[in-house]
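User: I'd like a close look at one part of this one rather than a full tour. Pick it apart for me, and follow the connections outwards as far as they go.

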Amino acid sequence: MIPPAATSSSLHLLFRLQHDLYAIEAAQIQVVLRRTALKQCPAAPHWVAGLLHYQGSTVPVLDLYQRLLQREAGWQTSTRLVLVHYKQQLLGLLLEQVHRFERLTDQLWQDSRLLLPDHQYLGQVQQHDGLGLIQQVRLADLLPVDVQQVLFPPAQR
């Protein structure tokens, strides 16, 4: 058990991918928006949901469900468009079942003990008394180099 004086916590946005709960550190989030219509990109990979005009900038939006589960994110009341800081760029993530913001104890994160070469973005896990097992999403590792080149061509960097 960790002594109370030694604990610290960070705010995280919790969301579900199917039945599993994931967390993105709130410090990496610019804004959480309701799902809105996006400018479609017919020639883009199927996991690119489209483009969003946000405060004078064009932001690519990734459908995380399409990218990871091979199905489109649904239009549910809990579906949100989350703009995150990704390598000095804004990136939109279309997420279903956005749960809430929750303070999670930093010292309780543990290695998942799985080595998944194509899924390095899946970080540590933490058991939450009321919610079950939560896994971190490491945004810095979310996109492989080829995907970064599609979403953020060198001319735009």
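Where is the place of glutamate 96?

Analyst: Glutamate 96 sits in the loop between E7 and E8; strands here are DSSP runs of at least two residues, labelled E and numbered from the N terminus. Before going on, a quick word on the model: it is predicted, so local features need pLDDT of at least 70 and side-chain atom pairs count only at pLDDT 80 or more, while totals for chains, interfaces and linings use all residues. Residues are numbered from 1 along each chain as its sequence is written, and side-chain values use heavy atoms, with hydrogens and water left out.

Back to the loop. Glutamate 96 has a relative accessibility of 2%, so it counts as buried (buried is under 20% relative accessible area, exposed over 50%, partly exposed in between, with a 1.4 Å probe and protein chains only). Setting aside neighbours within four places in sequence, its contacts (heavy atoms within 4.5 Å) are Phe15, Arg16, Tyr65, Arg71, Glu72, Ala73, Gly74, Gln76, Ser78 and Thr79.

Now step back along the chain into E7 (residues 89-95), which pairs with E6 in the antiparallel sense over seven bridges; strands count as paired if DSSP finds at least two bridges between them. One spot to click on is valine 82, which stands opposite leucine 93 in E7. E6 and E7 make a hairpin with two residues between them, and lysine 87 in that turn has a positive phi of about 50°. As for E6 itself (residues 80-86), six of its seven residues are buried, so this strand is largely enclosed by the rest of the structure.

E6 also pairs with E3 (residues 29-34), again antiparallel, over five bridges. There, isoleucine 29 has valine 84 in E6 as its bridge partner. Put together, this gives an open sheet of five strands in the order E3-E6-E7-E5-E4, with mixed pairing. E3 and E4 are the edge strands, each pairing on one side only. Ignoring direction, neighbouring strands in this sheet are turned by 30° against each other on average (axes are lines fitted to C-alpha atoms, and angles run from 0 to 180 degrees between N-to-C directions).

Over on the E4 side, E4 and E5 pair in the antiparallel sense over six bridges, with histidine 53 opposite threonine 58 in E5. In the loop between E4 (48-54) and E5 (57-63) you'll find glutamine 55, which has a positive phi of about 45° although it isn't a glycine. Glutamine 55 counts as exposed, at 67% relative accessibility.

Look at the loop between E3 and E4 too, since that's the place of tryptophan 47. With a relative accessible area of 8%, tryptophan 47 is buried. Beyond its neighbours within four places in sequence, tryptophan 47 touches Val61, Leu62, Asp63, Gln66, Arg67, Val147, Val150 and Leu151. Its C-alpha atom is separated from that of valine 61 by 8.8 Å, with the two residues 14 apart along the chain.

Going the other way from glutamate 96, E8 takes you into another open sheet of five strands, ordered E8-E1-E2-E10-E9 and mixed in its pairing. E8 (98-105) and E9 (122-128) stand at its edges with a single partner strand each, so one side of each has no neighbour in the sheet. Neighbouring strands here are turned by 35° against each other on average, direction ignored.

Inside this sheet, E2 and E10 (residues 132-137) run parallel, joined by three bridges; tyrosine 22 has glutamine 135 in E10 as its bridge partner. E9 and E10, by contrast, run antiparallel with five bridges, and a hairpin of three residues joins them. Glutamine 127 is opposite leucine 133 in E10. E9 is mostly covered, with five of its seven residues buried.

One more loop worth a glance holds glutamine 18, between E1 (9-17) and E2 (20-25). Glutamine 18 is another residue other than glycine with a positive phi, near 55°. At 44% relative accessibility, glutamine 18 counts as partly exposed.

Definitions and conventions: Helix = DSSP H or I, 4+ residues; strand = E, 2+ residues; numbered from the N terminus.
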